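Could you walk me through this structure in the viewer, one selection at a time? I would like to know what to pick next and what I will find there.

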Amino acid sequence: MRHFRCTACGKCCAGWLPLTISDALLHAGRFPLAVVWTPVRQAAKDFAATERLGFTFRTPDKKTVAVRICPTAYIPPTMTCPALTADNLCAIHGAKPLRCKAMPFFPYRDEGHQADLLIPRAGWDCDVSPLAPSVYDGKTIVDRADFDAERAELLAQAPLIRSYAQRLLETVPAMGGSLAKALLKPGGGHVAVSFASLLRHLPNEDRSRIAARQIGALTEASHRLGTESGWAEYRRNYQDWAWEMERLT
C-alpha cells in the first residue's frame with residue numbers, strides 16, 4: 001500500500017501542464033498554449049498507453065514510435081502557474097484542469113506503472129508517510145474518479161488528435177524530421193508547435209473568440225518573462241504564436 005497527501009507546497013505548480021482539449025479551450029484566456037508532441041519508443045513501457053491516446057508514426061529511418069500529443073500550458077520550468085496564489089493555493093480550484101485533479105497519477109501510463117510517480121521530487125513536500133491516505137494498492141489506484149475522468153476524456157478526443165496529427169504531418173513535412181531528432185535526445189525529447197495549428201482543426205469552436213483570448217494570455221506570459229535571457233525561446237514562441245492567433249481573429 002502506498003500513501004500520498006498534497007500539502008499545498010505549490011512546488012508542482014510550475015512549468016508545462018498537459019491539458020485535455022476541453023481544458024485548453026476553457027483556459028485559453030489564462031494559459032499560454034502550445035501543442036507538445038512527445039515521441040515514445042516501441043520498447044518503452046508507456047508505448048501501448050501512448051498509442052491508445054495518441055498517434056503512431058514511422059520515422060524516416062523506419063522506426064515505429066507512438067507520439068503523445070498534448071495541448072499544454074507552455075510555461076518555463078521555473079515559472080509558476082499563473083493561477084497559483086501567493087499562499088500557494090489554486091485560484092481556479094473549482095474549475096482547475098483534469099490534469100491537476102488527477103495528480104500525482106498520469107493517465108498516459110498504464111495503471112500498473114504509476115508507483116514511481118508517488119515518490120516526491122527533490123524539494124517537493126508531498127506527504128507520503130503512513131499517516132497520509134492510502135492511494136495505491138499493489139498496481140491499483142484506490143480513489144480513481146479523477147484518473148478515470150481524465151483518461152476517459154483523453155480517449156474521447158483521441159480520434160480528433162490522430163486526425164490533426166496526420167494532417168499536420170502531411171502539410172508540414174519537417175515535423176517528421178523534428179520528431180526523429182527529439183527521439184534521439186537522452187530521456188526523450190519534445191516538439192512544441194502553436195496551439196493555432198490545433199485550433200484550426202476544431203471547426204465547431206468559435207476560433208476567433210478563442211484566438212483573441214489566447215493572444216491576451218500569450219502577451220501576458222511574455223510580460224512575465226521580463227528580460228531573462230534564458231527564456232529567449234519562450235519569448236520568441238509567444239510572439240510567433242500570437243501572430244498566428246491574430247490570423248484567426
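Start by selecting R68 and Y108: R68 lies over the face of Y108, at 5.6 Å from the ring centre. Keep in mind as you look around that this is a predicted model.

**Around Y108**

Leave Y108 on screen and add F106. These two residues form an aromatic pair that is tilted, with 5.4 Å centre to centre and 45 degrees between the planes. In general, the distance of the centres and the angle of the planes describe a pair of aromatic rings. Are F106 and Y108 buried or exposed? F106 has 17% relative accessibility and counts as buried. Y108 is buried too, at 3% relative accessibility.

The structure holds 8 aromatic pairs. For another aromatic stop, select W16, Y74, Y234, Y238 and W241, which form one aromatic cluster.

**T50 in its helix**

Now go to T50, which you will find in helix α2, residues 47-53. T50 counts as buried because its relative accessibility is 0%, and the cut-off for buried is under 20%. Turn on polar contacts here: the side chain of T50 reaches the backbone oxygen of D46 at 2.7 Å. Which residues does T50 touch, leaving aside its neighbours within four places in sequence? T50 is in contact with V40, F55, A66, V67, R68 and Y108, and the last two are the residues this tour began with, where R68 lies over the face of Y108.

**The strand β3 and its partners**

Select β3 next, residues 33-41. This strand is mostly covered, with 8 of its 9 residues buried. To one partner, strand β5 (residues 64-73), β3 is joined by 9 bridges, and the two run antiparallel. Show P39 and you will see V67 of β5 standing opposite. Strand β8 (residues 191-194) also pairs with β3 in the antiparallel sense, over 4 bridges. There, W37 stands opposite V191.

**T20 in its loop**

Move on to T20, in the loop between β2 and α1 (21-26). T20 is buried, with a relative accessible area of 2%. The side chain of T20 makes a polar contact with the side chain of E153, at 3.0 Å. Expand the selection and, leaving aside neighbours within four places in sequence, you will find T20 in contact with P71, L98, E153, L154 and Q157.

**An open sheet**

Colour β1, β6 and β7 for the next view. They make up an open sheet of 3 strands in the order β1-β6-β7, with antiparallel pairing. Which strands are at the edges? The edge strands are β1 and β7 (140-141), each of which pairs on one side only. Zoom in on β6 (residues 134-137), which pairs with β7 in the antiparallel sense over 2 bridges. One residue to label is Y136, whose bridge partner in β7 is I141.

**Last stop: C6**

Finally, select C6, in the loop between β1 (2-3) and β2 (17-18). Is C6 buried or exposed? C6 counts as exposed because its relative accessibility is 58%, and exposed means over 50%. Add N88 and draw a distance between the two C-alpha atoms: C6 and N88 are 12 Å apart in space, C-alpha to C-alpha, and 82 residues apart in sequence.

Key
Residues numbered from 1 in each chain as written. Predicted model: local features only at pLDDT ≥ 70, side-chain atom pairs only at ≥ 80, totals over all residues. Heavy atoms only, no water. Buried < 20%, exposed > 50% of the residue type's maximum accessible area, 1.4 Å probe, protein only. Pairing = 2+ DSSP bridges. Polar contact = N/O pair within 3.5 Å; in protein donor to acceptor, adjacent residues only side chain to side chain. Contact = heavy atoms within 4.5 Å. Phe/Tyr/Trp six-rings, centres within 6.5 Å; stacked < 30°, edge-to-face > 60°. Lys NZ or Arg CZ within 6 Å of the ring centre and 35° of its normal.
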